[in-house]
Amino acid sequence: ATVTVVDEIPPVIGCKDVTVQLDENGVALITPGMLVETATDNCGIAEYTTDITQLTCNDIGDAQVIVTAIDASGNTGTCAATVTVEDTMPPNALCQDIIVEIDMWGNDVTIDPHDVDGGSTDNCGITGWLVDRDTFGCADLGDNQIVLTVGDLSGNASTCTATVTVVDWVAPYVFVYTTQGLWLDDNDVA
């Protein structure tokens, strides 16, 4: 007589919830070993798989990952783990110095934070730019140090310092009123 032995009993697997951090590329790799808390099978488990192998910036928050245990006979057991994805990496703030010119009427010059951003980067993208000062006038001629703060969606921020050089390249223009009632500019005055 031929006796055929079969294993039709699936593995029993239990998952644990974990928290992962995104790396400098905005990726967190997931392995079954990170998520399996308990696993048993009457004949032993041959392998584990997950339905998701990596999470990205789009997954910040809670993501559900299914882990499957497979025994030598192909029986499977599954469990679900909650993977909390966090981005704790601050942006790389990079500043550039700029020169701004006071106009011929001496009006204040207003800069945009992007004017002093020299190519700041973040693993999940920068969502906010802020300078500690954005308006400069005649009293600010010369070099002025300002701080640029860049932030990401997760609330991480970093700063850098830029120099805003304020210049006045407009030559004085003199009008003279003569007794004949004529207006002359400074080129006509001897």
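**Close-up views of strand 8 and Ile 45**

**View 1. Strand 8 beside strand 2.** Strand 2 (residues 18-21) and strand 8 run parallel and are joined by four bridges. One of the pairings places Val 20 opposite Val 85, its bridge partner in strand 8. The model shown here and in the other views is predicted.

**View 2. Strand 8 beside strand 7.** Strand 7 (residues 61-71) pairs with strand 8 in the antiparallel sense, over 10 bridges. Within this pairing, Ala 63 has Val 83 of strand 8 as its bridge partner. The two strands, 7 and 8, form a hairpin, with four residues between them. In the turn, Gly 74 has a positive phi of about 90°.

**View 3. The two faces of strand 8.** Strand 8 spans residues 76-86 and has a covered face and an uncovered one. Gly 77, Cys 79, Ala 81, Val 83 and Val 85 make up the covered face. The uncovered face consists of Thr 76, Thr 78, Ala 80, Thr 82, Thr 84 and Glu 86. Two residues of the covered face appear in the earlier views: Val 85 as the bridge partner of Val 20, and Val 83 as the bridge partner of Ala 63.

**View 4. Ile 45 and its contacts.** Ile 45 lies in strand 5, which covers residues 45-50. Is Ile 45 buried, exposed or partly exposed? Its relative accessible area is 24%, so Ile 45 counts as partly exposed. Leaving aside residues up to four places away in sequence, Ile 45 touches Pro 11, Ala 39, Thr 40, Ala 69, Ile 70 and Asp 71.

**View 5. Ile 45 and Ser 154.** These two residues, Ile 45 and Ser 154, are 109 residues apart in sequence. In space, Ile 45 and Ser 154 are 39 Å apart, C-alpha to C-alpha.

Technical notes: Residues are numbered from 1 along each chain as its sequence is written. This is a predicted model: local features need pLDDT of at least 70, side-chain atom pairs count only at pLDDT 80 or more; totals for chains, interfaces and linings use all residues. Side-chain values use heavy atoms; hydrogens and water are left out. Buried means under 20% relative accessible area, exposed over 50%, partly exposed in between (1.4 Å probe, protein chains only). Contact means heavy atoms within 4.5 Å. Two strands pair if DSSP finds at least two bridges between them.
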